[in-house]
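Student: Hey, got a minute to go through a model with me? I'd like to talk it over before I head back to the bench.

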Amino acid sequence: MNKMNKKSSIIIVYCLLFTVYCLLFVVSCKKKEVKRIEERAINVQVQPVEKRALRPFIETIGTLNPYEEVIVSAEV
């Protein structure tokens, strides 16, 4: 290849890369539809904290099942 062919092929490659970059830029700048998530309000009951003694053991026969199960954890 002579120098002119090599330069023109480099220019063509740069033009193609620039075109691809511009197309990606235009496509990424379009407004996207934002899905709105409907928030649900959940009613809860709260009580003030009170200090009281708890029995460490419960002696019973049978199965203890809760009506509902809740996981409470701390967020840092």
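Tutor: Sure, let's take the overall form, then the surface, then the charges. Keep in mind that this is a predicted model.

Student: How many helices and strands are there in the protein chain?

Tutor: The chain has one helix and zero strands. Its radius of gyration is 34 Å, while the globule rule gives 11 Å for 76 residues, so the chain is more spread out than a compact globule.

Student: What box do the C-alpha atoms fill?

Tutor: Roughly 95 × 30 × 30 Å, along the principal axes.

Student: And what share of the residues is buried?

Tutor: Buried residues are 0% of the 76. The accessible surface is about 9900 Å², and carbon and sulfur atoms hold 60% of that.

Student: Which residues make a nonpolar surface patch?

Tutor: Ile-10, Val-13, Tyr-14 and Leu-17 make one of about 420 Å². Ile-10 sits in helix α1, which covers residues 3-28.

Student: Is Ile-10 exposed or only partly exposed?

Tutor: Partly exposed: the relative accessible area of Ile-10 is 42%, and the cut-off for exposed is over 50%.

Student: Switching to charges, how many positive and negative side chains are there?

Tutor: There are 12 positive and 8 negative ones, and the centres of the two sets are 24 Å apart.

Student: How many salt bridges turn up in the whole structure?

Tutor: One. Arg-52 pairs with Glu-50, with their closest N and O atoms 3.9 Å apart.

Student: Are those two buried or exposed?

Tutor: Both Arg-52 and Glu-50 are exposed.

Notes: Residues are numbered from 1 along each chain as its sequence is written. This is a predicted model: local features need pLDDT of at least 70, side-chain atom pairs count only at pLDDT 80 or more; totals for chains, interfaces and linings use all residues. Side-chain values use heavy atoms; hydrogens and water are left out. A salt bridge is a side-chain nitrogen of Lys or Arg within 4 Å of a carboxyl oxygen of Asp or Glu. Buried means under 20% relative accessible area, exposed over 50%, partly exposed in between (1.4 Å probe, protein chains only). Helices (H or I, at least four residues) and strands (E, at least two) are DSSP runs, numbered from the N terminus. The radius of gyration is taken over C-alpha atoms; the globule rule is 2.2 Å times the number of residues to the power 0.38. Accessible areas come from the Shrake-Rupley method with a 1.4 Å probe; for residues, only the protein chains shown count as cover. Lys and Arg count as positive and Asp and Glu as negative; His and the chain ends are not counted. The place of a charge is taken as NZ of Lys, CZ of Arg, CG of Asp or CD of Glu. Patches are made of residues with over 30% relative accessible area and no salt bridge: like charges are joined within 9 Å, nonpolar side chains (Val, Leu, Ile, Met, Phe, Trp, Tyr) within 5 Å.
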